[in-house]
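Please open the model in your viewer and keep the sequence panel beside it, since each stop on this tour asks you to select something before reading on.

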Amino acid sequence: MITENYQQVVDEIQQAARAAGRDPASIRLVTVTKGHPVEAIREVVQAGARWLGENYVEEALPKQAGLAGFAGLEWHMIGHVQSRKAGPVIQSFSMLHSLDSLKLAQRLERFSAQAGRVLPVLLEFNVSGEASKHGWPGWDEAAWEALLPALRQIGGLPHLQVRGLMTMAPYSEDPEQSRPYFQRLRRLAGYLRDALPGLDFAELSMGMSGDYHVAIQEGATILRIGTAIMGVRACTIAPAPSVN
Ligand SMILES: *Cc1c(COP(=O)(O)O)cnc(C)c1O
């Protein structure tokens, strides 16, 4: 089923892009493989997936080792990262979607400099105000200005490259409920482009299995889709207790 699901989702993304008047090539897909074993990931890679998303470093590492034979895979860290995991993220991921604090940025900068690389990052925003969500507080548009000093500092770190924003809409059965949050993230990107010229906010990582059609209409450039491709997750490991 994974092969068929993958093809169907890719087709739907292309159709939704054209229907929205967008170039399908301007939208990339991260296939979210958390909670699925390496055999299932091998199947989706054989079907064509190249960008793979994981939420936990410990869960991702053995999968990366198991798929080391495939050229051209990119692993994207999409889950909350504790500062003490900054080193492994630098070693094992192509991009971080969930940069949510200055402290984490400074730790990543240190390891990234040591490794002699530059890590592309997205700033994760909580645009709904849900207490359970990680991310910079972005729900109150009047308070955006207060975030600029920290974001400016991150933009000045030489071994991190800010590329855009990421968000998760609150869970809902109705994809239309996600639309105002996606619109807010897009407005925020426009605000930050004006307020912090010289930084790059081109990427909008938004839209999951239940709401990616709406995300495409609202300007998503990266979709993070798990269940619609991989099926229901069986075995996501619990996050380790938070020791920042
Ligand atoms: C799990 C997860 C996804 C994928 O969710 P699905 O509903 O399975 O598509 C996307 N983004 C993040 C941050 C996730 O944790």
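The tour begins with the whole chain, moves through a series of paired strands, and ends at a few single residues.

**The whole chain**

Keep in mind from the outset that this is a predicted model. Show the protein as a cartoon, and you should be able to trace nine helices and nine strands. If you turn the C-alpha trace along its principal axes, the spans come to about 45 × 40 × 30 Å. The radius of gyration is 17 Å, which agrees with the value near 18 Å that a compact globule of 244 residues would have.

Switch next to a surface representation, where the accessible area comes to about 10,800 Å², with 53% of that area belonging to carbon and sulfur atoms. Of the 244 residues, 50% count as buried. Among contacts with a separation of 6 or more, 62% are accounted for by residues 24 or more positions apart. If you colour by charge, the 23 positive and 25 negative charges have mean positions that lie 6 Å apart.

**Strands β3 and β4**

Select residues 74-77, which form strand β3, together with residues 95-99, which form strand β4; the two run parallel and are joined by two bridges. For a landmark in this pairing, display H76, which stands opposite M95 in β4. Strand β4 is mostly covered, with five of its five residues buried.

**Strand β5**

Now add residues 119-126, which make up strand β5. Strands β4 and β5 pair in the parallel sense over two bridges, and here L99 is the residue to display, as L99 stands opposite L123 in β5. How many of the eight residues of β5 are buried? Eight of the eight are, so β5 is largely enclosed by the rest of the structure.

It is worth showing the side chains of this strand and looking at each side in turn. In a regular strand the side chains alternate between the two faces of the sheet. In β5, L119, V121, L123 and F125 lie on one side, P120, L122, E124 and N126 lie on the other, and the residues of both groups are all buried, which leaves both faces covered.

**Strands β7 and β8**

Extend the selection to residues 160-166, strand β7. Strands β5 and β7 run parallel and are joined by six bridges, and L119 has L160 as its bridge partner in β7. Five of the seven residues of β7 are buried, so this strand, too, is largely enclosed by the rest of the structure.

From β7, continue to residues 203-205, strand β8, which runs parallel to β7 and is joined to it by three bridges. The pair to display here is G164 and E203, since E203 in β8 is the bridge partner of G164.

**L199, in the loop before β8**

Step back along the chain to L199, which sits in the loop between α7 (179-195) and β8. Is L199 buried or partly exposed? Its relative accessibility is 23%, so L199 counts as partly exposed. Leaving aside neighbours within four places in sequence, L199 is in contact with L151 and G155. A distance drawn from L199 to H97, 102 residues away along the chain, gives 16 Å between the C-alpha atoms.

**V32, in strand β1**

Select residues 28-32, strand β1, and then pick out V32. With a relative accessibility of 4%, V32 counts as buried. Which residues does V32 touch, not counting those up to four places away in sequence? They are G53, N55, I78, R224, I225, G226 and M230. For a distance, join V32 to R50, which lies 18 residues away in sequence and 11 Å away in space, C-alpha to C-alpha.

**E4 and V38, in helices α1 and α2**

Go next to helix α1 (residues 2-19) and display E4, which is partly exposed, with a relative accessible area of 48%. The C-alpha atoms of E4 and V44 are separated by 9.4 Å, although the two residues are 40 residues apart along the chain.

Finish at V38 in helix α2 (residues 38-47). Beyond residues up to four places away in sequence, V38 touches K63, G66 and L67. A last line drawn from V38 to W144 covers 41 Å, C-alpha to C-alpha, between residues that are 106 apart in sequence.

Notes. Residues are numbered from 1 along each chain as its sequence is written. This is a predicted model: local features need pLDDT of at least 70, side-chain atom pairs count only at pLDDT 80 or more; totals for chains, interfaces and linings use all residues. Side-chain values use heavy atoms; hydrogens and water are left out. Helices (H or I, at least four residues) and strands (E, at least two) are DSSP runs, numbered from the N terminus. The radius of gyration is taken over C-alpha atoms; the globule rule is 2.2 Å times the number of residues to the power 0.38. Buried means under 20% relative accessible area, exposed over 50%, partly exposed in between (1.4 Å probe, protein chains only). Contact means heavy atoms within 4.5 Å. Accessible areas come from the Shrake-Rupley method with a 1.4 Å probe; for residues, only the protein chains shown count as cover. Lys and Arg count as positive and Asp and Glu as negative; His and the chain ends are not counted. The place of a charge is taken as NZ of Lys, CZ of Arg, CG of Asp or CD of Glu. Two strands pair if DSSP finds at least two bridges between them.
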